[in-house]
Amino acid sequence: RRVIVAMEHTNKDGQPKILKKCTLPLTGVKVVDTIITEMAYIKVTPAGLVLEEIAPGLSVEAVQNATEPKLIVSENLKTMGE
């Protein structure tokens, strides 16, 4: 079983929605496998969040700036859609 979260990367004010610690009531802990946003494809691993793909035209720095936790950049980083 896999849990995939599809969401917007930031809120209306441009603040990150991917946070170090959830601020909303939890319905499950450590159940998400993958996060997909308009900016990136991120794998959730025991070591941390692994940036696997970024949207065309974006840099790793742009995605990191929109993400609160530190991202681990995959050695095989790809552009989404390729």
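**Exercise 1.** Find which residues Ala40 is in contact with, leaving aside its neighbours within four places in sequence.

*Solution.* Contact means heavy atoms within 4.5 Å. Leave out the neighbours within four places in sequence. The partners of Ala40 are then His9, Ile35, Leu51, Glu53, Ile54, Val63 and Met80.

The model is predicted: local features need pLDDT of at least 70, side-chain atom pairs count only at pLDDT 80 or more, and totals for chains, interfaces and linings use all residues. Residues are numbered from 1 along each chain as its sequence is written, and side-chain values use heavy atoms, with hydrogens and water left out.

**Exercise 2.** List the residues of the largest nonpolar core, and find the strand that gives the most to this core.

*Solution.* A nonpolar core is a set of buried (under 20% relative accessible area, 1.4 Å probe, protein chains only) Ala, Val, Leu, Ile, Met, Phe, Trp, Tyr and Cys residues joined through side-chain atoms within 4.5 Å. The largest has eleven residues: Ile18, Ile35, Met39, Ala40, Ile42, Leu49, Leu51, Ile54, Val63, Ala66 and Leu71. Strands are DSSP runs of E, at least two residues, numbered from the N terminus. β3 (40-45) and β4 (48-54) each supply at least two residues of this core. β4 gives the most, with three residues.

**Exercise 3.** State the order of the elements along the protein chain.

*Solution.* Count first: one helix (a DSSP run of H or I, at least four residues) and five strands. From the N terminus on, the order is β-β-β-β-α-β.

**Exercise 4.** Work out what share of the 82 residues counts as buried.

*Solution.* Apply the burial cut-off to the protein chain. The share is 27%.

Note on methods. Buried < 20%, exposed > 50% of the residue type's maximum accessible area, 1.4 Å probe, protein only.
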